[in-house]
Amino acid sequence: KRDHVNILLVEDNPGDARSGQEMLNDVHTLKYTLTNVTTLAQARDFLSHNVPDVVLLDLALPDGKGLKCTSRLMESFPAVPFVILTGLDNEMVGLESVRAGAQDYLVKGQIDGKSLARVISYSTERKSCWTKSQGVPI
């Protein structure tokens, strides 16, 4: 288990970004640094220069909506775990997200801080195990 988690939040809605941070603040066992960007282009730029422990990625952004756009970002950075965090409660989109490389699919408004912290922890561990087994540099 990591002592400190670096999180990239790709979310253009200020209210949703604030809500995510407040949920994480409620979990006193999770120490984290959160960087918020609002577009896929900003996320790509950030990931080109930084390796966060996890990316929380919204499916509806100003420069790209849907799994097709976000899956290109996930493919470009295979060593980074991505968690889709969206307002769309659709089981098929959730399954497609995981098939496209996401570690999990969470619906905004249906999670709490403890659940989010657990998903972050499990996602980073799963991705770490996968990258080691695939020989992907971390």
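## A lysine with three acidic partners

At 5% relative accessibility, D58 counts as buried, because the cut-off for buried is under 20%. The model is predicted. D58 and K108 meet through their side chains in a salt bridge, 3.4 Å from N to O. This pair links distant parts of the chain. D58 sits in the loop between β3 (54-57) and β4 (60-61), and K108 in the loop between β7 and α5, 50 residues apart.

Salt bridges with shared partners join E11, D16, D58 and K108 into one network. The structure holds four salt bridges. Here are the ones that involve K108.

| Pair | N to O distance | Separation along the chain |
|---|---|---|
| E11 and K108 | 2.6 Å | 97 residues |
| D16 and K108 | 3.0 Å | 92 residues |
| D58 and K108 | 3.4 Å | 50 residues |

Where do E11 and D16 lie? E11 is in the loop between β1 (5-10) and α1 (14-25). D16 is in helix α1. E11 counts as buried, at 3% relative accessibility. D16 is partly exposed, at 31%. K108 is partly exposed too, with a relative accessible area of 21%. Side chains of opposite charge can pair when their charged atoms come close.

Now for two helices. Helix α2 (residues 40-49) packs with helix α3 (residues 67-76) at an angle of about 5 degrees. Their axes are 11 Å apart. Angles under 35 degrees count as roughly parallel, so α2 and α3 are roughly parallel to each other. From α2, the contact uses L40, A43, R44 and L47. From α3, it uses C69, T70, R72, L73 and S76. These contact residues divide into five nonpolar, two polar and two charged.

Key. Residues are numbered from 1 along each chain as its sequence is written. This is a predicted model: local features need pLDDT of at least 70, side-chain atom pairs count only at pLDDT 80 or more; totals for chains, interfaces and linings use all residues. Side-chain values use heavy atoms; hydrogens and water are left out. Axes are lines fitted to C-alpha atoms, for helices over the stretch in contact, and angles run from 0 to 180 degrees between N-to-C directions. Helices (H or I, at least four residues) and strands (E, at least two) are DSSP runs, numbered from the N terminus. Angles under 35 degrees count as roughly parallel, over 145 as roughly antiparallel, 65 to 115 as roughly perpendicular and the rest as oblique. Contact means heavy atoms within 4.5 Å. Ala, Val, Leu, Ile, Met, Phe, Trp, Tyr, Cys and Pro count as nonpolar, Asp, Glu, Lys and Arg as charged, and the others, Gly among them, as polar. Buried means under 20% relative accessible area, exposed over 50%, partly exposed in between (1.4 Å probe, protein chains only).
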